[in-house]
Amino acid sequence: MDVSGAPSDVEVVARVLGGDREAFGLLIRRYEPGLLRYAARMLGSRDAAADAVAEGLVRAYRHLASCRDPARLRTWLYRIVANRCKSHLARRPTADVSLDEALPIADPRDNEAAVERAEQLALVERALMTLSPEKREAFVLKHVEGMSYEEIAAATGERIPTLKMRVHRAREALLQALEEYR
Amino acid sequence: MSTIDPRIHQALDGEIPREALPPELRRQAELLDAAAALLAAASKAESVEERVMAALQRPAPPRRSRLVRWLVTPRAVVLRMRPVWTLALAAGLLLLMLVPTREPRTNLGEEEGIAQFVARFPGARSVAVVGSFNDWRAGSITLEDRDHDGVWRGVVVLPAGAHEYMFVVDGERWVADPLAGRYVEDDFGRENSLLIVRPVLQ
């Protein structure tokens, strides 16, 4: 139990493994916002992201007993979803990704600030999708999901120096793209 | 070759305080911060909880269909032989064999085979086998060390085909079979031992 009174991941995993299937819903609610955000950034499509996350969570449930360190469940789940995303990307006929689904649609009733924000987001998303999947993944996990390099290494299976290099390259490419658009 | 000042990376990685950056570099760091914040705050996606929980109500696909899918799906397979000297005396031997017994068990199906697990774990309190055949749940297949020499043994009937497995020592330590000879990397970045069960000949 943490300070908020919510059961810890270790406690919830023990309940699920003890037969309380409904307890898995706690883990879904706890981690799906980040997982969906990550998958959408990797795949450029909300529908594909939902598929990847749903598949990943079902696999996670079925293999929960093999999660050796439930205290690090978060990175374990990201790793599973990351692999699902890679499978989705590999199945695509081309590397081109449509951003249409992921782009927010500006409502005419929105105020000017909201429209500008939507345009900025579209710009950032477009710049992000120009990165290779590896650099995009490293940037998103580091700066959008707020993971440490150690956590990213656990989630991706890559070495920390490699990840640092990818994050640095991603920052450079993004900054260049954003400066050009300004 | 880096195209931006390395101090920006240092600041974004928390190695130096933002205040240490000159104004132009700080502006660039803030531009990246703002981009990340926009991505993080983008509109919420629809929850998949209902869909996942519905899927969990259904039983897992039959082992045979999973096996067929596993066999036909292109995947990288890591084959690695470990030096025998490190483990020959201390580790287990997996012997999978077809037992042409003269007195076949009446409940052994044509599509089943016998797998014998032997592993050396001196001092262990318990050794179990988990794998794709028991949904990776410890407890259903336990090995025995009857003469307390540290060698744990067990014989089980398994469906014919390929199975991934690991040993669970003392209920918490997951160990690949050091002498399995065949290993596959799973979706979770772990290297599982691989065994092939052949069906009993009639």
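# Exercises on a predicted two-chain model

Chain A has an average pLDDT of 85, and 86% of its residues score at least 70; pLDDT is the predictor's confidence in each residue, from 0 to 100. This is a predicted model, in which local features need pLDDT of at least 70 and side-chain atom pairs count only at pLDDT 80 or more, while totals for chains, interfaces and linings use all residues. Residues are numbered from 1 along each chain as its sequence is written, and chains are lettered from A and ligands numbered from 1 in the order in which they are written.

## Exercise 1: Confidence

Task: State how the predictor scores chain B and the complex, and where pLDDT stays under 50.

Solution.
- Step 1. For chain B the mean pLDDT is 77, with 69% of the residues at 70 or more.
- Step 2. Among the elements of chain B, α1(B) has the highest mean pLDDT (93), and strand β1 (residues 93-97) has the lowest (54).
- Step 3. Residues 98-106 of chain B stay under 50 in pLDDT, and the model has 8 contacts beyond four places in sequence for them. A contact is a pair of residues whose C-beta atoms, placed from the backbone, lie within 7 Å.
- Step 4. In chain A, pLDDT stays under 50 over residues 99-103, for which the model has 14 contacts beyond four places in sequence.
- Step 5. The complex receives an ipTM of 0.80 and a pTM of 0.62 from the predictor.

## Exercise 2: Elements and burial

Task: Describe the elements and the buried share of each chain.

Solution.
- Step 1. Count the elements, where helices (H or I, at least four residues) and strands (E, at least two) are DSSP runs numbered from the N terminus. Chain A has 8 helices and 0 strands, and chain B has 5 helices and 8 strands.
- Step 2. Read chain B from the N terminus: the order is α-α-α-α-α-β-β-β-β-β-β-β-β.
- Step 3. Apply the burial cut-offs: a residue is buried if 20 or more other C-beta atoms lie within 10 Å of its own, exposed if 12 or fewer, and partly exposed in between, with C-beta atoms placed from the backbone. In chain A, 39% of the 182 residues are buried; in chain B, 25% of the 202 residues are.
- Step 4. Look at helix α6 (residues 133-144) of chain A: 10 of its 12 residues are buried, so this helix is largely enclosed by the rest of the structure. Among these buried residues are Phe139(A), Val140(A) and Leu141(A).
- Step 5. Just after α6(A) comes Gly146(A), with a positive phi of about 70 degrees.

## Exercise 3: The contact between the chains

Task: Work out which parts of chain B touch chain A, and how α3(B) lies against two helices of chain A.

Solution.
- Step 1. The contact takes 43 residues from chain A and 36 residues from chain B.
- Step 2. On the side of chain B that touches chain A, α1 (6-12), α2 (23-40) and α3 (49-57) each supply at least two residues. The largest share, 8 residues, comes from α2(B).
- Step 3. By class, this side of chain B has 22 nonpolar, 7 polar and 7 charged residues. Ala, Val, Leu, Ile, Met, Phe, Trp, Tyr, Cys and Pro count as nonpolar, Asp, Glu, Lys and Arg as charged, and the others, Gly among them, as polar.
- Step 4. Helix α3 (residues 46-62) of chain A and α3(B) have axes that come within 9 Å and cross at roughly 40 degrees. Axes are lines fitted to C-alpha atoms, for helices over the stretch in contact, and angles run from 0 to 180 degrees between N-to-C directions.
- Step 5. α3(A) and α3(B) are therefore oblique to each other; angles under 35 degrees count as roughly parallel, over 145 as roughly antiparallel, 65 to 115 as roughly perpendicular and the rest as oblique.
- Step 6. In this pair, Ala54(A), Leu57(A), Val58(A) and Tyr61(A) meet Arg51(B), Val52(B), Ala55(B) and Leu56(B). The classes are 7 nonpolar, no polar and 1 charged.
- Step 7. For helix α2 (residues 24-43) of chain A and α3(B), the axes come within 10 Å and cross at roughly 150 degrees.

## Exercise 4: Positive phi in chain B

Task: Where are His148(B) and Asp170(B) placed?

Solution.
- Step 1. His148(B) is in the loop between β3 (127-131) and β4 (151-159). His148(B) has a positive phi of about 55 degrees although it is not a glycine.
- Step 2. Asp170(B) is in the loop between β5 (161-169) and β6 (173-175).

Conventions: Contact = placed C-beta atoms within 7 Å.
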